Amino acid sequence: MRRSVIAGNWKMYKTVAEALEFFSTVQLAGKTDSVETVVCAPFITLPALVKEAKESGIRIGAQNMHWEEEGAYTGEISPSMLTEQGVTHVIIGHSERRAAFAETDESVRLKTRSALDHQLTPIVCVGETLEEREAGRTRELVREQVVAAIRGLSSEEVSRLILAYEPVWAIGTGRSATAEDATDVIRFIRKSVADQFDQQVANEVRILYGGSVKPDNIESFLQTGEIDGALVGGASLDPGSFARLVEVTARRGDVG
Ligand SMILES: O=C(CO)COP(=O)(O)O
């Protein structure tokens, strides 16, 4: 059974005070029992949010981490620093980090491996740019990114991770992929996992869509049962719209 997921990616938004304000306002009315609900917030807010979120059932995630345990890596945060604080999830390989901070398929692989070793749930992002899409390279690219990220993992480890298909051209643009397109690519990603491992693991891994998801379009992505939830940027910043996303997703139930 695949449990639905709504994960907010706050990116570089919200100070500690603003983040706490979000949690004092958000009303999920028990919906986190049926939907794995995560907020991935800036590092500096994480300790306060883990405390604040306890009652709400919302899990707290980071947006990045280093793969090493410790070392001379100025400005980096290690997996143990996250788990010590009660962080449970971590976004890995977001396209903004690939594009602006030179993350590669290899660093994504190392981080995924390390997150799993530390019992963190990695939310591994893959997706093509507009140029790559127009060149007809979407499938080839996402397969490459997925295969690189899961290389060397065991089946059990693959079943613990969450993949997120985020076409770069749909992020923050208000132009989401169509539900048909997203479903098509996500089905292909599941097949890629099956080709590398087996159908059972592919049936267990959760795959999300991300890119201009809003309360008024999320239902269309969930309809076929192929997409297990969403990784949401802009619409996760507002407590009302975040709650609405969780509420609509809760109606889907577990699939698989
Ligand atoms: O990048 C995203 C989530 O990781 C998507 O951002 P938007 O929902 O703002 O398009």
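**Helix packing and an annotated site**

User: Is the crossing of H1 and H2 left-handed or right-handed?
Analyst: Happy to help: this is a predicted model, in which local features need pLDDT of at least 70 and side-chain atom pairs pLDDT 80 or more, while totals for chains, interfaces and linings use all residues. Residues are numbered from 1 along each chain as its sequence is written. The crossing of H1 and H2 (DSSP helices, H or I, of at least four residues, numbered from the N terminus) has the near helix turned clockwise from the far one by less than a right angle, so it is right-handed.

User: At what angle do H1 and H2 pack?
Analyst: H1 covers residues 16-25 and H2 residues 46-53, with axes 10 Å apart. Axes are fitted to C-alpha atoms over the stretch in contact, and angles run from 0 to 180 degrees between N-to-C directions. H1 is therefore roughly parallel to H2 (under 35 degrees), at about 15 degrees.

User: Which H2 residues meet H1?
Analyst: Contact requires C-beta atoms, placed from the backbone, within 7 Å. H1 offers Val 16, Ala 19, Leu 20 and Phe 23; from H2 come Ala 48, Leu 49, Glu 52 and Ala 53.

User: Where does UniProt place the feature "active site"?
Analyst: The entry is unreviewed, and such annotations may be inferred rather than shown by experiment. The positions are spread over 73 residues of sequence, yet their largest C-alpha distance is 8.4 Å. They are His 94 and Glu 166.

User: Is His 94 buried or exposed?
Analyst: His 94 touches Gln 63 and Cys 125, not counting residues up to four places away in sequence. Because His 94 has 27 C-beta neighbours inside 10 Å (20 or more are needed), His 94 counts as buried.

Conventions
Helices (H or I, at least four residues) and strands (E, at least two) are DSSP runs, numbered from the N terminus. Angles under 35 degrees count as roughly parallel, over 145 as roughly antiparallel, 65 to 115 as roughly perpendicular and the rest as oblique. Two residues are in contact if their C-beta atoms, placed from the backbone, lie within 7 Å. A residue is buried if 20 or more other C-beta atoms lie within 10 Å of its own, exposed if 12 or fewer, and partly exposed in between; C-beta atoms are placed from the backbone.
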